[in-house]
Amino acid sequence: MDILQSLGNWLGNITFLQVIDFIGTFAFAISGIRLASAKQFDWFGAYVVGAATAIGGGTLRDVILDVPVFWMHDGIYLTCTGLALLWVILFRKLLVHMHNTFFIFDAIGLALFTIVGIQKTLDCGLPIWVAVVMGTMTGAAGGVIRDVLINEVPLIFRKEIYAMACVVGGIVFGISEWLGAPAKVTLLLCGTAVFLTRLLAVKYHICLPTLKSEDDENL
Amino acid sequence: MDILQSLGNWLGNITFLQVIDFIGTFAFAISGIRLASAKQFDWFGAYVVGAATAIGGGTLRDVILDVPVFWMHDGIYLTCTGLALLWVILFRKLLVHMHNTFFIFDAIGLALFTIVGIQKTLDCGLPIWVAVVMGTMTGAAGGVIRDVLINEVPLIFRKEIYAMACVVGGIVFGISEWLGAPAKVTLLLCGTAVFLTRLLAVKYHICLPTLKSEDDENL
Amino acid sequence: MDILQSLGNWLGNITFLQVIDFIGTFAFAISGIRLASAKQFDWFGAYVVGAATAIGGGTLRDVILDVPVFWMHDGIYLTCTGLALLWVILFRKLLVHMHNTFFIFDAIGLALFTIVGIQKTLDCGLPIWVAVVMGTMTGAAGGVIRDVLINEVPLIFRKEIYAMACVVGGIVFGISEWLGAPAKVTLLLCGTAVFLTRLLAVKYHICLPTLKSEDDENL
């Protein structure tokens, strides 16, 4: 009874942002672990690639900003990666059918991570253009580290709008703040911009132009 | 005579830990240089890969912990890497026959680096689970950076128990400290656990399970 | 009229060093963007690889030295990378004919970046050998990060004298300072040494020896 009450109190203290943070971390970790499994990594390797995907971007951000690295001060991120590994081990066969769910979770994570990166950079007293760079790094660098670790050319450099969604969200953030919108509205607009850009880009196959190689015969 | 005496004094001041540190750094650097030589790297490339293997894990740890990076304050690490390069250039043909020696040296280095990483993290006032992560990073991240630099899929993600030996050592450290064992005993138990786990895993071909790819037809 | 005068004043305040800095950053970014285009990266991917080439070495240096990361406090570096991307998009067909110009620009950048890295490290109160390592890192690590991102074995580990030019420049710096030369002379000698070493190495195809693989039958 007491335990149930404690659990209730504890759950009551979990904020909406923490739930989103957990969902995003989980989705990012799953994406790393699935790619690791395609390369026949063992459990440890899969865990490391999952963790690098989920917390790599934020770690790079914190190191460059010279602030305490976030995951060392809250065990939830590495725990969440462990749960993601367990999920992949247990429900491997179901993952294919959950493709759309994980795509939505990933886009939610991308939006939140971008907001967190922007806000943390502004809190350091840095200008908005640095914040946009850092927001994009928080959202997208984990996927780059993941692809480096599994020895593939980073996916987000060649295909789909992914990091550009963070850039769009960052620009929306900057404009909203410049127009004097309340902080909560700015955060909401930024997150929505990231999320919608990502969704629309995938739905309508919107891509950035590719750089043509100098060897190509036709311009 | 004076010179000999100075040398004697100097040698007398070298602690047991420093000897182990040197052996470990040397073995790690050798492993990087040998893999670089298989890729036809030049001397500079081999030196960099050797250094990255030997000091990469500790550098990553110090940057994330936000403490002074260790090798900048003691020339021994880069000197040791230079000696390892010289060794490979001069005694290339002997290296194959020294396989077992270097395996033991590498396992000794792994044990020491794990202990150093754990201790340094605890000295920063961080909890034990962060220390276990950092101990593992100190021991194993250098090999990952090495494999990224030579453009191979990191070996420790697919084969053998390597980083898991650090994790086992870290857990032994945590339990020993929790039981109130004296600091020296805890360090010794942790190092022994890393060393033995690594040795037994290689001797009995103990591996972690591999994640099955979703494309596999049979579970 | 006022605008022209402002522009004139502004241009008048640009120092010679800033011009060189811009040229070097531009040349480094171009090298990254061209290699990205050969891999069919999109504009975003090309921009990131260009930026990583241009500012990656300095970022790594600042993170390891634990000083504020330089490009966050001056927008010129990321702007310059954007101009480099625009240049490659617009004048792609001309790039092949500008090979020699960009080679010279790249060597100028290498020289300046080495000097900046050495000076910044000495300003931190660190010894000259750390400064030589950091100067080399500032000049050459960006190219390594570039090659990791495009999933190739780093070029400077296998071919040509590139990073070794930074090392030569660093040694010249150390000797010049040890001999008590004025600071400006030391900087000039160091930069000239890097530039000439790079030029002569390419002109006369001077290479470092390659490490022979242990599998080779003949020594």
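Colleague: How many cavities of 30 Å³ or more does a search of the whole structure find?

Modeller: In this predicted model, the search finds one cavity of 30 Å³ or more, and the largest cavity has a volume of about 50 Å³.

Colleague: What makes the largest cavity a cavity, and which residues line it?

Modeller: The space is called a cavity because a 1.4 Å probe fits inside but cannot get out. Its lining is made up of A:Asp147, A:Val148, A:Asn151 and A:Glu152, together with B:Val148, B:Asn151, C:Val148 and C:Asn151.

Colleague: Why is B:Asn151, one of those lining residues, called buried?

Modeller: Buried means under 20% relative accessible area, and B:Asn151 has a relative accessibility of 18%, so this residue counts as buried. B:Asn151 belongs to the loop between helix H7 (128–149) and helix H8 (163–178) of chain B, and although it is not a glycine, its phi is positive, about 60 degrees.

Colleague: And why is A:Asp66 called partly exposed?

Modeller: A residue is exposed over 50%, buried under 20%, and partly exposed in between; the relative accessible area of A:Asp66 is 39%, and therefore the residue is called partly exposed. A:Asp66 is not a glycine either, yet has a positive phi of about 60 degrees, and it lies in the loop between helix H3 (43–65) and helix H4 (76–90) of chain A.

Colleague: How do you know that A:Val69, which is found in the loop between H3 and H4 of chain A, is buried?

Modeller: The relative accessible area of A:Val69 is 1%, which is under the 20% cut-off, so A:Val69 is buried. Leaving aside neighbours within four places in sequence, A:Val69 is in contact with A:Thr59, A:Asp62, A:Val63 and B:Ile64, where contact means heavy atoms within 4.5 Å. A:Ile55 is 14 residues from A:Val69 in sequence, and their C-alpha atoms are 9.7 Å apart in space.

Colleague: What makes H7(A) mostly covered?

Modeller: Of the 22 residues of H7(A), 18 are buried, each being under 20% relative accessible area. From its first C-alpha to its last, H7(A), residues 128–149, reaches 31 Å, close to the 32 Å expected at 1.5 Å a residue. There is also a kink of about 45 degrees in H7(A), centred on A:Ala140, and the helix is followed by A:Asn151, whose phi is positive, near 60 degrees.

Colleague: How do you know that chain B and chain C are related as by a three-fold rotation axis?

Modeller: Chain C is superposed on chain B by a rotation of 120 degrees with 0.0 Å of shift along the axis, at an RMSD of 0.0 Å. The two copies are thus related as by a three-fold rotation axis.

Colleague: Why do you say that the copies meet through different surfaces?

Modeller: Only 11% of the interface residues of chain C are also interface residues in chain B, so the copies meet through different surfaces.

Colleague: Which helix supplies the largest share of the lining of the second largest pocket?

Modeller: That helix is H6(B), from which eight residues come. The second largest pocket has a volume of about 1,100 Å³ and is lined by 34 residues, with B:Leu17, B:Gln18, B:Ile20, B:Asp21 and B:Leu112 lying nearest its centre. Several helices of chain B each supply at least two lining residues, including H1 (2–13), H2 (16–38) and H9 (183–203).

Terms used. Residues numbered from 1 in each chain as written. Chains lettered and ligands numbered in written order. Predicted model: local features only at pLDDT ≥ 70, side-chain atom pairs only at ≥ 80, totals over all residues. Heavy atoms only, no water. Helix = DSSP H or I, 4+ residues; strand = E, 2+ residues; numbered from the N terminus. Expected span 1.5 Å × (residues − 1). Bend = angle between axes of the 7 residues up to and from the residue. Buried < 20%, exposed > 50% of the residue type's maximum accessible area, 1.4 Å probe, protein only. Least-squares fit on C-alpha atoms with pLDDT ≥ 70 in both. 1 Å grid on protein atoms, 1.4 Å probe; cavity = no way out; pocket = protein on both sides within 12 Å on 5 of 7 lines; lining within 4 Å. Points joined across faces, edges and corners; volume = space filled by probe spheres on them.
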